[in-house]
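Reader: I would like to go through this model and hear the reasoning behind the labels. Please start with the ligand.

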Amino acid sequence: MKIIEIEPTNHCNLRCVMCHNSFVNYKPSLFNIEWLKRINSENSIIKISSIFEPLIHPEIDKIIEYFAENNNKIILTTNLTLLSPNLLKILKKFEENIYSITVSIDSTKAEIYNSIRRGADFNITIKNRKLLRNFLSETYNRVNSVLMKKNYNFIIDDIEFFNKIGINELGLIFITIRDYLMFNENLYDIKNNLFKKLNEAIEYVIENNLNISVRCPYFKYSPIPNIYTQEMSKDVPDYIPKGINCSAIEKQVKIFADGIVQLCYQ
Ligand code: SF4
């Protein structure tokens, strides 16, 4: 089995404070759906987007339909601000092929979310996230959150909220500062407090026996897993199916919206 990653577009409808899309003006391109027939994709993992917004492609439903019909497992990452009724219909029809959906939601406080995800409306994103969660019962539901100064104090509130609406996994990553105006959001000077909050977050999930799993690069260094060895050894499903642990050239390829193919970019 191999991984094929597609970027249906090279732009985004939002201008998030930490994103390259807010600082670079790419010449807009759209993936040409005629190229789909040239991709030998059967029985593959298809990752749809990781650095741009796929749902702004006017034929995203056809792209998903094509890969689903060819017996692939689809992993979709989106800001979920643009969910059309037709896309919803296609996702439901091919539910068995939609392996996981990751939505970027950095806060469950409307004001903070709207100030990070510039151009998005918190209420619409949450409505769409809940809708997909309830509509696709077989799909693994993820949320990604970029931690920065304005949101890291509320990690436990966010975990509670996402657990309540049935999200399977919350992925926490650290902000990349791309502009001096964002420097006040950097985490370096509060790192000890941040690690304390992250330790509290793991303990909260374990002590309250929550169904959500929380991932963060810091957890490799946290002392908490050594305290709760039994609880931490539970088998948690991975959003990339097991067996796909190699990024070697023959296993992974990325196709950009302008048709450029990149082998093993990791
Ligand atoms: S939604 Fe994602 S791709 Fe779009 S600007 Fe925000 S971080 Fe970047």
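Author: This is a predicted model. By class, 5 nonpolar, 3 polar and 2 charged residues make up the shell around the ligand.

Reader: Which residues are around the ligand?

Author: They are Cys12, Leu14, Arg15, Cys16, Cys19, Asn21, Phe52, Glu53, Asn79 and Ser104. A residue is listed when its C-beta atom lies within 6 Å of the ligand.

Reader: What makes asparagine 226 count as exposed?

Author: The cut-off for exposed is 12 or fewer other C-beta atoms within 10 Å. Asparagine 226 has 8 such neighbours, so it counts as exposed. This residue is found in helix α7, residues 224-227. Asparagine 226 is 150 residues from leucine 76 in sequence, and the two C-alpha atoms are 33 Å apart in space.

Reader: How do you know that the span of helix α4 agrees with its number of residues?

Author: Helix α4 runs over residues 122-135, which is 14 residues. At 1.5 Å a residue the expected span is 20 Å, and the end C-alpha atoms are 20 Å apart, so the two agree.

Reader: Which residues of α4 are buried, and why are they said to be on the same side?

Author: Thr125, Arg129 and Leu132 are the buried residues of α4. They cover an arc of only 70° around the axis, which puts them on the same side of α4. In an α-helix there are 3.6 residues a turn, so residues three or four places apart point the same way.

Reader: What covers the buried residues of α4, and which residues are exposed on the other side?

Author: The cover includes β4, residues 98-104. On the other side of α4, the exposed residues are Asn123, Asn134 and Phe135.

Technical notes
Residues are numbered from 1 along each chain as its sequence is written. This is a predicted model: local features need pLDDT of at least 70, side-chain atom pairs count only at pLDDT 80 or more; totals for chains, interfaces and linings use all residues. Helices (H or I, at least four residues) and strands (E, at least two) are DSSP runs, numbered from the N terminus. A residue is buried if 20 or more other C-beta atoms lie within 10 Å of its own, exposed if 12 or fewer, and partly exposed in between; C-beta atoms are placed from the backbone. Ala, Val, Leu, Ile, Met, Phe, Trp, Tyr, Cys and Pro count as nonpolar, Asp, Glu, Lys and Arg as charged, and the others, Gly among them, as polar. The expected span of a helix is 1.5 Å times one less than its number of residues. The arc is that of the directions from the helix axis to the C-beta atoms. Two residues are in contact if their C-beta atoms, placed from the backbone, lie within 7 Å.
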